[in-house]
Each structure stands twice: as C-alpha cells, then as structure tokens.
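Please open the model in your viewer and keep the selection tool at hand, since this tour goes from one selection to the next. Each stop says what to pick and what is there.

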Amino acid sequence: MSDKKVALITGGTRGIGKAIAKIFSQKGYNLVLNYVSENTDINKLEKEIKNDNEILFVRANVSKYSEAEELVKKAIEKFGKIDVLVNNAGITRDNLIMRMKEEDFDSVINTNLKGTFNVTKNVIPYMMKKREGRIVNISSVVGVSGNAGQCNYAASKAGIIGFSKSIAKELASRNILCNCIAPGFIGTDMTDVLSDEVKNNINNQIPLKRMGSPEEIAKSVYFLGGEDNTYITGQVLNVDGGMLM
Ligand code: NAP
C-alpha cells in the first residue's frame, strides 16, 4: 500500500469539495472522493483532479448511516488508513418557516448534520488507532448568524459547530484535531440558483464586495487539515470576505 497520506472528502466532485480535492491532490495526498449523483462523470473528474496520486471515487448518500459505513470501509480496503476527513457534502432547501415542509427540514439536517456524524463516526476508529488525524467540517457563516429563509440550513450548520467542538475535546488526547470552516457567499452550483439581484444585494453587504471562490475556501481547509496544523483544534474559521465580524 502507498505511504502517501489519505484525504476523504465528502461531496468532493463539485464546487467547494472539488477545489478541496484539487489542493490535497497537488499536495500529494491519495484521495477518496464521495458523491451521490448517478450521472457523475468520474473519468472526466479523474483527469481534472489527479496528479501523481491515486483517487478512489465512492458513490454514497452520507445521510444514510449504512452508506457512510460502506464509504469508509471501501476507503480502508483501498488505502488502509484515513489521515484527513473533510465533511463537505451539503444541500439547501430554502424557505421561510411558514412555508417550509417537514421533509425539507429533515433532508437538510440529515445530509448536512447527520451526514457529518455518520462519516465521522466511522472514520474515528482508524484515526484513533494511528493516534493522529485531522477533521475539517464545512459549516457556514449562517450557522453563526442565522438567516431568514434558511432555518433548516442554519440549524444544520450551527449543529456542525457544536458537534465539532465536542469531538475536538473528546479526541484531542489522541492527537485528532477537529475544526470548522465557515464559508460566506461562494460561487458554486449552490449559489448559482440565486437571481442576479439577490447576488448583487449580498455582494454589497460583503466588505470585500464580491463572492468568494471555491479555491479560497479550499486553501483554508488545507491550512486546518494539512500537516502544518499541529495546534489548532475546536475552532471555527470564517472565510467570508468580512461578511461576519
Ligand atoms: P454544491 O456545488 O451544491 O456541491 C455539493 C456537493 O455535495 C456535491 O458534490 C454533491 O454531490 C454533494 N452531496 C450533496 N448531498 C450529498 C449526499 N447526501 N451524500 C453525498 N454527497 C452529497 O455545493 P457547494 O457550494 O460546493 O457547498 C459545499 C459545502 O459548503 C456545503 O456543505 C455547503 O453547505 C457549504 N457552504 C457553501 C456556501 C456557498 O456559498 N456555496 C457557503 C457556505 C457553506 P453530487 O455532485 O453527487 O450531487
């Protein structure tokens, strides 16, 4: 088995997750890239992301415990270890609470928050055995500030922060560091659905007056999840152009 470090990234095939995959790939990590959509073009993605490393693509719905378990099992069968876990997979189902359906609340909590638990729970035993690991969970500034029309999403992202701080405390003695990145407004498929008017309004509220790029988030994930981070744990880093101060 290769002695390269291994990073498992959920939702690693689009947007922020793909940018995170690229940076870990450039730094020489072997990758386990998870996704859920049936029509994902793995060959194209492999050409785009791969360097002098190996990539295992695994289709799994992280909101289902058994699929998260299978995802980690396949990663271990292929690479024998997981050094870095990035819980990035996430969805939105926005609406005001007056109009929000129960299934929209449940699907966002189950994917974003429960999905983070499902994958982390299965990865932890392998990190504990090695007495080393890095976990970076992708929260959001709205998990800290709240946002009208996103009570499900904001609750899931606030939950991720509480979850991360708790396991950072539980696992510090095993040299497993767990932190959150809280992105602001980032240009991906998730934000592409917004009208130009909404995008302009949001941009005007950002001190840097623009949305961030997936690459700007990926650099901060590498900062917390890479080998150089040896003493930061239980923290939330806002990467948001100054949106939340
Ligand atoms: P995106 O472009 O919509 O990509 C979402 C990724 O998550 C895709 O790879 C998708 O896989 C995967 N995914 C969704 N549901 C999944 C499931 N049940 N199981 C496994 N994978 C699943 O989103 P993004 O903007 O890059 O967002 C990435 C993360 O950053 C999310 O957690 C999001 O909440 C957070 N975030 C984004 C922004 C922003 O402005 N964009 C701001 C703050 C936080 P498929 O490709 O297979 O569908």
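Select the ligand together with K157: an oxygen atom of the ligand lies 2.8 Å from an N or O atom in the side chain of K157, and such a polar contact is a pair of N or O atoms within 3.5 Å. Taken alone the ligand exposes 910 Å², of which the protein buries 94%, with accessible areas coming from the Shrake-Rupley method and a 1.4 Å probe. Now add V36 and S37, where the partner is a polar backbone atom: an oxygen atom of the ligand is 2.8 Å from one in V36, and an oxygen atom of the ligand is 2.6 Å from one in S37.

Before moving on, note that this is a predicted model, in which local features need pLDDT of at least 70 and side-chain atom pairs count only at pLDDT 80 or more, while totals for chains, interfaces and linings use all residues. Residues are numbered from 1 along each chain as its sequence is written, and side-chain values use heavy atoms, with hydrogens and water left out.

Next, select every residue with a heavy atom within 4 Å of the ligand. This shell holds 30 residues, and the closest are R14, S37, N88, Y153 and T188. If you colour the shell by residue class, you will find 13 nonpolar, 14 polar and three charged residues; here Ala, Val, Leu, Ile, Met, Phe, Trp, Tyr, Cys and Pro count as nonpolar, Asp, Glu, Lys and Arg as charged, and the others, Gly among them, as polar. Which element supplies the largest share of the shell? It is α7, with three residues.

Now turn to the aromatic rings, of which the whole structure has four pairs; rings of Phe, Tyr and Trp (its six-membered ring) pair if their centres lie within 6.5 Å, and planes under 30 degrees apart count as stacked, over 60 as edge-to-face and the rest as tilted. Select F24 and Y222, whose ring centres are 5.1 Å apart and whose planes meet at 65 degrees, so the pair is edge-to-face. F24 lies in helix α1 and Y222 in helix α9 (residues 214-225), so this pair ties together parts that are 198 residues apart in sequence. F24 is buried at 0% relative accessibility, and Y222 is buried at 18%, where buried means under 20% relative accessible area, exposed over 50%, and partly exposed in between.

Finally, select Y65 and F117, a tilted pair with 6.5 Å centre to centre and 35 degrees between the planes. Y65 is partly exposed at 30%, and F117 is partly exposed at 33%.

Note on methods. A polar contact is a pair of N or O atoms within 3.5 Å; within protein, one must be able to donate a hydrogen and the other to accept it, and residues adjacent in sequence count only if both atoms are side-chain atoms. Helices (H or I, at least four residues) and strands (E, at least two) are DSSP runs, numbered from the N terminus. Buried means under 20% relative accessible area, exposed over 50%, partly exposed in between (1.4 Å probe, protein chains only).
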